[in-house]
Amino acid sequence: MTYVEKKPAPDRYRDELQKVKAYIATHNVYGVDLNPTAIELGKLSLWLNVIHKDMETPFFANRLTVGNAVIGAWLKVYSHNEVVGKKGGHNKLKVNEWWTKAPHKVKFGRTHVKRTVNEVYHFLLPDKAMLAALGLKDMKKGYATEAKVMADRLKDWTAPVGEEQFRTLQRLSAKIDLLLREAMETQVNIEHLTNNRRDIWPHEVPQGGMLFRAYEQAEKYAEKERIFDTRYRHDNAYYKLKLVMDYWCALWFWEYQDAAALPTREEYWREIENLLDVSNDKLDRNTQRAMADANRACEEIESEYGSERMTEEQAQIVAKSKEELLESTTAQTTLFADKEPERFKIAKRLADRYHFFHPMLEFIEVFWLRDGFDVICGNPPWLKLQFDDKAVLSERYPEVMIHKVSAPEARAMQTRFMEDASMRRIYEEEQMEVQCSSVFMNAFANYPLLIGQQTNLYKCVLTNTFDLASAENGYIGILCPESIYDDPKGQPLRREVYKRLRYHFQYQNAFNLFAEVAHRAKYGSNIFSSCKECIGFKSINNLFHPNTVDACFAHDGHGKCGGIKDSNNEWNTSGHSNRIVSFGKDELLVLAQTFEDCNEWETAKLVGIHNNEILKVLIKLSSFTNHLCDVKHIVSECFHETGAVDNGWIIRNTTFPSWNKQEMLFNGPHINVSNPLYKTPRSICKEKADYDIIALERIDDNFSARTNYIPCTSLEEYNTLIKGFPKGQDEDGNTIYENWMDYYKVGFRKMLSQAGERTLICALLPRKSAHINGVISVAFRNGDYSVDMTAMCSSIVMDFYMKTVGASNLQSSRMDSFPLVVEDKYRKALHARTLRLNCVTNRYADLWSEVWDDSYKQEQWSIKDKRLAPWDTLTEEWNHDTPLRNYFERRMALVEIDVLAAMALGLTLDELIMMYEIQFPVLQQNENDTWYDRHGRIVFTCSKGLIGVGVDRPTWNRIREMHPGETYTHTLTSELYAGQTLTYEAPFTCCDRIADYRNAWAFFEKRL
């Protein structure tokens, strides 16, 4: 038949194409979801998308099924050396902790499981983390007797495994192999009987070449369901294996009420043996030889990996007729001579409740015949598993969720809630589910790539897909948050991810493509394949729409690569080939050296690199030699807002603090870039918006912002809560610490606003002050280091660094790689500007004098402007004129700090401008619409960070064209300055940051 003859007629093409889609949807699409309704909707959606004329009702059989994709057993094995105990002193066996090792997945031959006799299935062995209910301390107190029974059983389960016990595991594993073959044969035959008709072009009936016989297909949907339900008959291999795997999973979720029914390890194995009807004379030849010769049990006995010969038992399975497989068990309702054991009933109950899912058993035909799935795609839950007691309490007390209830009030409600038996049961069930699921997912043997990381469902799903996909030609597409690439403890996962990653596309949800995701949230579309020896993938970052990906790959390379926003201040969706960044060993090494100060490129944190030029910048940053980790320092989050209140250390009280009593506690909104007096809480401060901007021109030398918390313990105890540097030992040899309150601290906002004007925000905090955990601080003994760090971290160079990282919280591990001490020619100029920005009251007088250098008096501005404070009037003693107070001069000082920091780190002017244009769209927007009067005051700004500063837009539109010398008097409305007036004098000017960068660069290049 020629190509033309094979091709359907044009008027039939669309129908024939739809039939092909229908065939794929009903024969090749698999899925699992915890929600039964979601599965039914998925079936309906598939049907509606591929429906065609005369299409029969699709039957999806086991391909779309209900289950918990992250809780279940796998067909993975341990070797003899990983399980059997080692002989210790006095010939006593020492436990070989198999639960601290990762089992490996079995493979399948044409006729049998490729498992050696000295490998045993993981789900036959208990785990030390089982009986997770023991981790619930409050519940444990109420079930003290049951808890002791469970603890004793756990000791028995994790006792050393001897040779005789290992032979029991070998026998069970050999029987499981046979049952797996039977389950696979049954499943394939069920599929042949229940699949939809193969009605696709050119409508040829396949002849021969099939591993399994094709039977006449059932026509009626009800008949197909009846045939499929034979899997659940009690002597069906699938049913037996599922019950064994459910039994193993149940041991993780076992409840206190069933403690008396817990089996010993021997009882567990014996019950499985009875269930599977293990008989030595029906085992394969290798296992029989191992049973007969105990001394050879540890040897590798005649591997059959290369053989496709069937054993007699296997041949019997294949020889079974359709009637024997599907109808022989019609009348059987139990596998046991007497009633079903209580433990299996418990396992079934827990399996029904938690929906244990065993993927390699459920989809055994896929793994046996194809070694896994060819294509896997999904958007798993972006959910950190944690117990939300307030959500449970709201069942009875909705005000817990509606109103902001304090922790003590919530605890009182919880006490009343728990007095009701039915409510208590709901509470405990929710607590049990979260606790046991978390422990299961944190167990090394279950998820070895996630050890030490916070339990998040999408990470579990992601790692499972690596085992679900075909090792040879499987591809995986996963949509998930970016935290897999920046988790501080994610090294094992990243090591595996990079071996498989082919494409990484990072999105920001600015267009609300996902309505349930935050507007500024970042997530990634990741394409993985089988493991490759040579790591290599392509990455595009700062995407807002998928069309940009295609545009980047289609682009010819000409033109300028834009930033995050375009020239119209809209999100940039244009494509450019320069945005495709190729990563291999060398590029990952640059990231490791730049952001982590190490050479561990295989596990480097992946950051958001906008284009290839940024890689060159990162190479320069990675070569800088002096970092925070090189000097002694103390990083502290100080007082955790809830914990410190519960401990009786601080109380909520919005007031002006007494500095003699050390009552000032800073929080994030208090500070801005090199400004420790950015905002003050209003007298009633409950929301993040309840703060007023502080006008530095209006404050006196002793001014203080309000604090929201004050200490409520003695000053003596308060000073010991956060330890300073060690200074010696007392008579008993205990370490004596300096008073941490005596240090100036570099305070950072802990929350990093990646979408804000600035991301890395820090300021110098005075002595005798502390902070809550909305701030993370670094303390030094040396004042110079404090100013060094504040200077560098106030520049957009370091801000660009953090925007590139893309983290949402500032961690001490990330801060270790911050650059610190620069060349002296840059250092003094940086110090002078940083000190004048931060030393805004007399509480900084000691620091000013300590770091003072006579060269400060010789400093000059890079531009001439009367709005800039002079340098030659500075003195070693701090006074009211020392700090920079008006907005214009403070902005200019930050511009010059940007230039000096870039020079100190070896960057070029073009690279500094590129950073600004790409990563700071909000700053650009604010710069372009912020206007200053003749005295350096802001008369109007669009900045959302300066609400209340300047006039509103209607007023600005009226006065913006005023002539030089004309004035406008504005009445302030903030709580801090209510009723006071401020006079603005024309002309009003707007600044050009790029032009200022060029002027400053030329000035300092010539001067330094």
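This note goes through model confidence, the cysteines and one threonine.

1. This is a predicted model, in which local features need pLDDT of at least 70 and side-chain atom pairs count only at pLDDT 80 or more, while totals for chains, interfaces and linings use all residues. Residues are numbered from 1 along each chain as its sequence is written, and side-chain values use heavy atoms, with hydrogens and water left out.

2. The chain has a mean pLDDT of 89 (the predictor's confidence in each residue, from 0 to 100), and 91% of its residues reach 70 or more. The pLDDT is below 50 over residues 207-216, a stretch with 20 contacts (heavy atoms within 4.5 Å) beyond near neighbours in sequence. Residues 328-333 are also below 50, with seven such contacts in the model.

3. The structure has zero disulfides (pairs of cysteine sulfur atoms within 2.5 Å). For cysteine 377 the closest cysteine sulfur is that of cysteine 480, and at 14 Å it is too far for a bond. Cysteine 942 is in no disulfide either; the nearest cysteine sulfur, in cysteine 990, is 9.0 Å away.

4. Cysteine 377 is exposed, at 66% relative accessibility. Buried means under 20% relative accessible area, exposed over 50%, and partly exposed in between, with a 1.4 Å probe and protein chains only.

5. Threonine 548 is buried, at 1% relative accessible area. Beyond its neighbours within four places in sequence, threonine 548 is in contact with Leu543, Thr573, Ser574, Gly575 and Arg579. A polar atom of the threonine 548 side chain lies 2.9 Å from the backbone oxygen of threonine 573.

Note on methods:
A polar contact is a pair of N or O atoms within 3.5 Å; within protein, one must be able to donate a hydrogen and the other to accept it, and residues adjacent in sequence count only if both atoms are side-chain atoms.
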